[in-house]
Amino acid sequence: MEMCTYNVHILTHLAASVRHAGPLWATSTFTFESYNGTLKKLFHGTRYVPQQICDTFMMLRKTPGMARACLDENTHPGVVSLYRTLAGEYLPSKCSELFDDGLRVLGNGKHVQLSAAKVLAVQQLLGRQIFNTNATVYRRFVYNHHLYTTSTYTRAVKHSDCHVSFRHNRYKYGTLYYLARLTPDCDCGDGFCACAKTNVLLVKPHCVARRKLFKEAVFGVSSDFLLEVGDVNHTVAIFPHAIDRKCISMSTNNQQVLCPLPCKFYGD
């Protein structure tokens with residue numbers, strides 16, 4: 001072991017890592033490696049690099065809070081320019097908006113009137129009748145550092161983030177229709193509205209087939225991580241925190257298979 005290199009040594013922990021964090025095919029290090037470029041921008045020069053990174057990171061964490069407390073429409077443009085110079089590329093995108101703790105929508109919302117089926121799903125979720133069926137819907141959002149897209153978002157070509165597993169009293173897997181932001185108790189008309197807003201996800205659920213897709217008789221191995229699913233002519237509504245994890249969808253001519261991603265500790 002004295003002559004063993006570090007890369008060889010970490011192979012001894014490979015089996016334990018798979019047991020703790022899931023299979024290697026579902027684990028990506030690109031998320032972590034992408035932050036190397038961010039770290040390189042947090043220091044200048046070669047002296048006291050760790051201290052520079054810590055100081056810059058703390059400044060970036062405190063700057064947005066200071067800006068919210070000090071900047072308004074009457075602030076001098078020079079001060080605003082200084083703030084944007086300090087924050088730089090770490091400022092949120094102009095096409096994103098933070099709604100609740102951990103929930104950020106991407107892109108511009110579209111104003112729609114919910115269909116009767118979707119209104120019924122929202123009423124079942126809230127446990128009461130809603131009076132305002134208008135909503136602003138979004139096709140992309142980030143929740144707890146995970147990016148989700150809906151089935152109506154067509155710009156993503158290489159990957160799809162609309163298949164999820166979630167907590168519900170009847171269904172466990174489904175495809176995201178969209179994120180809806182609505183004011184269920186509002187009767188303000190077209191004027192200024194200060195009514196409480198609710199964020200819900202409209203989901204097309206899937207039923208799960210009970211049969212095993214693969215079973216090896218000699219070793220007694222079966223596919224407990226691959227699930228054959230079918231569409232349900234139904235709509236359910238859930239809160240964003242009910243999402244459990246993303247799923248990979250694989251389709252054949254007459255079969256759709258979902259594989260829940262086992263790793264949940266890293267974001268997008």
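**Close-up views of a predicted model**

**View 1. Helix α6 and its buried residues in the predicted model.** Within α6 (residues 116-126), the buried positions are Lys-118, Val-119, Ala-121, Val-122 and Leu-126. Because these residues span an arc of only 160 degrees around the axis, they lie on the same side of α6. Ala-116 and Gln-124, on the other side of the helix, are exposed. The packing partners of the buried α6 residues are β8 (173-182), β9 (198-208) and β13 (236-238). Gly-127, just after α6, adopts a positive phi of about 75 degrees.

**View 2. The largest nonpolar core, which comprises 19 residues.** Phe-141 and Leu-201 touch the most other members of this core. Two or more residues are contributed by each of β2 (103-106), β5 (140-143), β7 (163-166), β8, β9 and β13. Separate from this core is a second one of 14 residues, which includes Val-119, Leu-126, Ile-130 and Ala-180.

**View 3. The surroundings of Leu-201.** With neighbours within four places in sequence left aside, Leu-201 is in contact with Phe-141, Leu-176, Tyr-178 and Leu-179. Its contacts also include Val-236, Ala-237, Ile-238, Phe-239, Pro-240 and Ile-243.

**View 4. An open sheet of four strands in the order β1-β2-β5-β6.** The strands of this sheet pair in antiparallel fashion. β1 (96-100) and β6 (146-149) form the edges, each pairing on one side only. On average, neighbouring strands are turned by 25 degrees against each other, direction ignored.

**View 5. The antiparallel pairing of β1 with β2.** Four bridges join these two strands. Ser-96 stands opposite Leu-106, a residue of β2.

Terms used
Residues are numbered from 1 along each chain as its sequence is written. This is a predicted model: local features need pLDDT of at least 70, side-chain atom pairs count only at pLDDT 80 or more; totals for chains, interfaces and linings use all residues. Side-chain values use heavy atoms; hydrogens and water are left out. Buried means under 20% relative accessible area, exposed over 50%, partly exposed in between (1.4 Å probe, protein chains only). The arc is that of the directions from the helix axis to the C-beta atoms. Contact means heavy atoms within 4.5 Å. A nonpolar core is a set of buried Ala, Val, Leu, Ile, Met, Phe, Trp, Tyr and Cys residues joined through side-chain atoms within 4.5 Å. Two strands pair if DSSP finds at least two bridges between them. Axes are lines fitted to C-alpha atoms, for helices over the stretch in contact, and angles run from 0 to 180 degrees between N-to-C directions.
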